[in-house]
Every structure is written in structure tokens, then in C-alpha cells.
Amino acid sequence: MYPAKPGPIGVFDSGYGGLTILREIRRRLPDYDYLYLGDNARAPYGTRSFDIVYEFTRQAVEELFSRGCHLVILACNTASAKALRTIQQHVLPITDPDRRVLGVIHPTVEILGKVSLTRHIGLLATPGTVMSHSYAMEIEKIYPGMCITEKACPMWVPLVETGEADGPGADYFVKKYVDECMAADPDIDTLILGCTHYPLLLDKIRQYTPQNVRILPQGELVAESLADYLRRHPAMERECTKEGSVEFLTTESPDKFDSLATLFMQSPVASSRITL
């Protein structure tokens with residue numbers, strides 16, 4: 001059904017945030033080829049139902065498979081929370097059991113045992129990710145008894161996507177959500193940035209976070225987890241081409257995508273438009 005020859009590593013997000021994941025993956029693994037797909041025309045996913053997020057994510061994964069990807073990273077917390085498990089358990093065994101789809105939640109949670117001393121964790125994320133409780137369930141699975149306080153930050157993605165991340169207006173909402181999370185549990189010593197947009201607010205988040213609290217952006221964690229995965233799965237590693245290339249696809253206007261994507265990637269982006 002899908003091309004058998006080796007191809008790029010696929011990276012999918014509902015919009016722009018996954019570009020922060022791709023940026024760190026390319027920094028950690030520069031020799032591989034990458035194909036990024038942003039479903040910008042149907043973003044945001046965070047307010048959509050589980051069924052719709054699953055359907056949109058499945059379409060995107062199948063599109064990347066059809067373009068030669070054997071391995072796809074869901075660089076989107078909402079897709080990882082609402083669609084990954086169903087795709088892994090019910091889609092791949094039917095479509096192609098030799099292909100793999102990985103998410104961003106497990107690699108983020110996995111590190112917590114090494115960095116948290118109090119075992120009290122704060123999660124700053126979109127309303128959709130918070131409502132899914134995917135982080136809480138993953139934490140309970142790996143670290144039973146670890147406490148998590150989940151805080152929805154609905155204004156942070158709009159601030160980033162309207163170019164206001166560095167503006168004074170962002171300070172109010174960054175401080176508000178960080179303060180509310182810390183007030184809910186003063187014993188928190190580790191904050192997860194559970195949305196791939198949030199690294200663009202990192203300087204302000206650091207400014208309003210107590211100095212004794214560690215902040216975990218996901219990009220470096222996912223990149224290191226992917227490197228480890230490829231080391232442990234040499235058969236899959238051989239299915240990933242290595243010419244150091246990157247290609248960008250969007251379901252929106254390329255001009256609109258490229259301008260904001262350049263901000264996320266910190267380098268020029270030129271994309272092509274597709275329809276899912």
C-alpha cells in the first residue's frame with residue numbers, strides 16, 4: 001500500500017508548534033531527512049473532540065506514510081493525547097505493522113523521575129491536553145504516587161501565533177497561569193511545558209517561575225528519545241534516509257505558513273500546500 005523503500009522521518013502537528021520539536025530533532029540528528037506536515041487549515045486541535053482529532057491525525061499519518069515515511073512523530077500534545085494510542089493499537093496492525101508512530105508525552109514524562117526531588121509536577125498545557133489527563137495517566141503508569149497539577153493556559157498559543165510572545169501583553173497571561181499553577185501546589189519543583197508553542201514564551205515563563213523550579217520544554221527530550229529509539233531499533237533506523245534534507249507541507253496557504261514557521265524554526269522555511 002505504501003512505498004517500501006526508505007524515506008524521511010515524518011513529523012506531524014496540527015499547526016506550527018511541532019516545528020520546535022523538529023528544530024531540536026534536527027539539531028540532535030542532523031544527518032536524517034525529515035518531512036514536516038502542519039494541518040494549519042484545521043487547527044487548532046485542542047478544542048476538538050477525541051473522534052475528530054483521531055480522524056484528522058490518522059489522515060495526516062497516512063499521508064506521511066504515502067510519501068515514504070516509515071516512522072512518524074506526532075509532535076503535537078493534543079494528537080499524542082487523543083489519537084496516538086488508537087493509531088498504534090488499531091490502525092498500524094491493519095495498514096502496515098512495520099511502520100511506527102511515536103508521540104511526545106511519554107518521552108516528557110519518562111525524565112521526571114530523574115529531575116524531580118519533591119515528586120510534585122506542574123503541567124502547563126492547552127485546555128484539550130489538560131482535559132484528556134494524558135499526562136496524569138502516563139505519570140501514574142511510570143511513577144505511581146507522583147503528584148501532578150494540571151493548568152490550562154488558553155491564551156498562550158494565540159499570543160505566540162499573533163506575534164505577541166515578546167510583547168508586554170504576554171506578561172500578564174504568563175504570570176497569571178504560572179502563579180495559579182504554583183499556588184495550587186507550592187511543592188511543585190518541575191514544570192512541564194505541555195504544548196510545543198510554549199518554548200517561544202520560555203524567557204517570560206522563566207521570569208515568573210520560582211528559581212528553584214525546573215522548566216521542561218519538550219524539544220530536547222523528544223529529540224534524545226528519538227535518538228535512543230533509533231539506536232534500539234536498527235531495522236527502523238535503516239528505513240530512514242540520510243541526506244540532511246527537510247521538506248515542509250501545510251494544508252494552509254504556504255505564504256502564511258512560511259512567515260510564522262520561520263519564527264519557530266529560527267531559519268527560512270519554504271512549504272508546499274496539500275489537501276488531506
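Lys and Arg count as positive here and Asp and Glu as negative, with His and the chain ends left uncounted. Each charge is placed at NZ of Lys, CZ of Arg, CG of Asp or CD of Glu. On that footing, the protein chain has 28 positive and 35 negative charges, and their mean positions sit 2 Å apart.

A word on where all this comes from. The model is predicted, so local features need pLDDT of at least 70 and side-chain atom pairs count only at pLDDT 80 or more, while totals for chains, interfaces and linings use all residues. Residues are numbered from 1 along each chain as its sequence is written, and side-chain values use heavy atoms, leaving out hydrogens and water.

Let's start with the overall picture. The protein chain contains 14 helices and 10 strands; these are DSSP runs numbered from the N terminus, H or I of at least four residues for helices and E of at least two for strands. Along the principal axes, the C-alpha atoms fill a box of roughly 50 × 40 × 35 Å. A compact globule of 276 residues would have a radius of gyration near 19 Å, and the 18 Å of the protein chain agrees with that. That radius is taken over C-alpha atoms, and the globule rule is 2.2 Å times the number of residues to the power 0.38.

Next, burial and contacts. Of the 276 residues, 55% count as buried, where buried means under 20% relative accessible area, exposed means over 50%, and partly exposed is in between (1.4 Å probe, protein chains only). The accessible surface comes to about 12100 Å², with 52% of it belonging to carbon and sulfur atoms. Those areas come from the Shrake-Rupley method with a 1.4 Å probe, and for residues only the protein chains shown count as cover. Take the contacts (heavy atoms within 4.5 Å) between residues at least 6 apart in sequence: 79% of them join residues at least 24 apart.

Now for a couple of helices. Helix α4 (residues 84–95) has Leu 84, Ile 87, Val 91 and Leu 92 as its buried residues. Seen down the axis of α4, they fall within an arc of 95°, so they line one face of the helix. The arc is that of the directions from the helix axis to the C-beta atoms. An α-helix has 3.6 residues a turn, so residues three or four places apart point the same way. As for partners, the buried residues of α4 pack against α2, β3 (71–74), α3 (77–82) and β4 (100–102).

Helix α8 (residues 134–142) can be read in a similar manner. Its buried residues are Ser 134, Tyr 135, Glu 138 and Ile 139. They cover an arc of only 130° around the axis, which puts them on the same side of α8.

Then there is Lys 204, in helix α11 (residues 202–208). Is Lys 204 buried or exposed? Lys 204 is buried, at a relative accessible area of 13%. Setting aside neighbours within four places in sequence, Lys 204 is in contact with Ala 165, Asp 166, Gly 167, Ala 170, Asp 171 and Val 174.

The loops have some backbone details to look at. Pro 44 lies between β2 (34–38) and α2 (50–66), and the peptide bond leading to Pro 44 from Ala 43 is cis, with omega near 0°. In the loop between α6 (112–115) and β5 (120–125) you'll find Arg 119. Phi of Arg 119 is near 65°, a positive value in a residue other than glycine, and Arg 119 counts as partly exposed at 33% relative accessibility.

Gln 266, in the loop between α14 (254–265) and β10 (271–273), also has a positive phi, near 60°, without being glycine. At 59% relative accessibility, Gln 266 counts as exposed. What does Gln 266 touch, not counting residues up to four places away in sequence? Arg 23 and Arg 27. The C-alpha atoms of Gln 266 and Thr 20 are separated by 9.3 Å, with their positions 246 residues apart along the chain.

Two further residues give you distances to try in a viewer. Pro 186, in the loop between α10 (168–184) and β7 (190–193), is exposed at 63% relative accessible area. The C-alpha atoms of Pro 186 and Gly 122 are 9.9 Å apart, and the two are 64 residues apart along the chain. Arg 232 belongs to helix α12 (residues 219–232) and is exposed, with a relative accessible area of 52%. From Arg 232 to Asp 39 is 30 Å, C-alpha to C-alpha, for residues 193 apart in sequence.
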